[in-house]
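Take a moment with the sequence and the model before reading on. Then follow the chain from its overall build down to a single residue.

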Amino acid sequence: MQTFVFVAVALSVVCSAESRRDGLAGGLGRTKNATPQTQRLVDSVQGEIIGQLPLGYDREQPLQFTAVSYKDQVVAGVNYFIKVETGFNRYIHVRIYKDLRGDASVTSVQLEKTLSDPIEYF
């Protein structure tokens, strides 16, 4: 009986650790390379992203929005934390919320990021 309890507890711990690593509900998932779906999500809210950038951000060069990598967080919908290249080696981090109906909106934008900056909760 003690062996059974030990095995059950050990299996529970392993499964719990595996779930956290892959993005348990509420936790921030691991960094993944951007996919065509990630790029479509960025494209769908491009106007909102531009609206949150400071005036003159695009003065030096025209903006491009290329999704590079992302993390996701399962909530009542999904929060996407996406590293976006805006052109000429400039990066921003964009938080996009996609609700259960599939509607997406920009929650926040962080400026002055680099390719090597980790994506963190914001």
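The paragraphs below go from the whole protein to one annotated span and then to one threonine.

Keep in mind that this is a predicted model. Start with the secondary structure. The protein holds 3 helices and 5 strands. Their order along the sequence is α-β-α-α-β-β-β-β. A helix thus opens the pattern, and a run of four β symbols closes it.

Next, look at surface and interior. The protein has 122 residues, and 34% of them are buried. About 7700 Å² is exposed. Carbon and sulfur atoms supply 56% of that area.

Now consider how the chain meets itself. Take the contacts with a separation of 6 or more. Of these, 48% join residues 24 or more positions apart.

One stretch carries an annotation. UniProt, in an unreviewed entry, places the feature "domain: Cystatin" at residues 63-102. In the model, residues 63-102 are 75% strand and 0% helix. The C-alpha atoms at the two ends of this span lie 26 Å apart.

Finally, zoom in on T38. Where does T38 sit? T38 belongs to helix 2, which covers residues 36-44. Is T38 buried or exposed? Its relative accessible area is 6%, so T38 counts as buried, because the cut-off for buried is under 20%. Which residues does T38 touch, leaving aside those up to four places away in sequence? They are A67, Y70 and I82. So from helix 2, the trail leads back to the annotated span, residues 63-102.

Terms used. Residues are numbered from 1 along each chain as its sequence is written. This is a predicted model: local features need pLDDT of at least 70, side-chain atom pairs count only at pLDDT 80 or more; totals for chains, interfaces and linings use all residues. Side-chain values use heavy atoms; hydrogens and water are left out. Buried means under 20% relative accessible area, exposed over 50%, partly exposed in between (1.4 Å probe, protein chains only). Contact means heavy atoms within 4.5 Å. Accessible areas come from the Shrake-Rupley method with a 1.4 Å probe; for residues, only the protein chains shown count as cover. UniProt positions are given in the numbering used here, feature names are shortened, and annotations may be inferred rather than shown by experiment.
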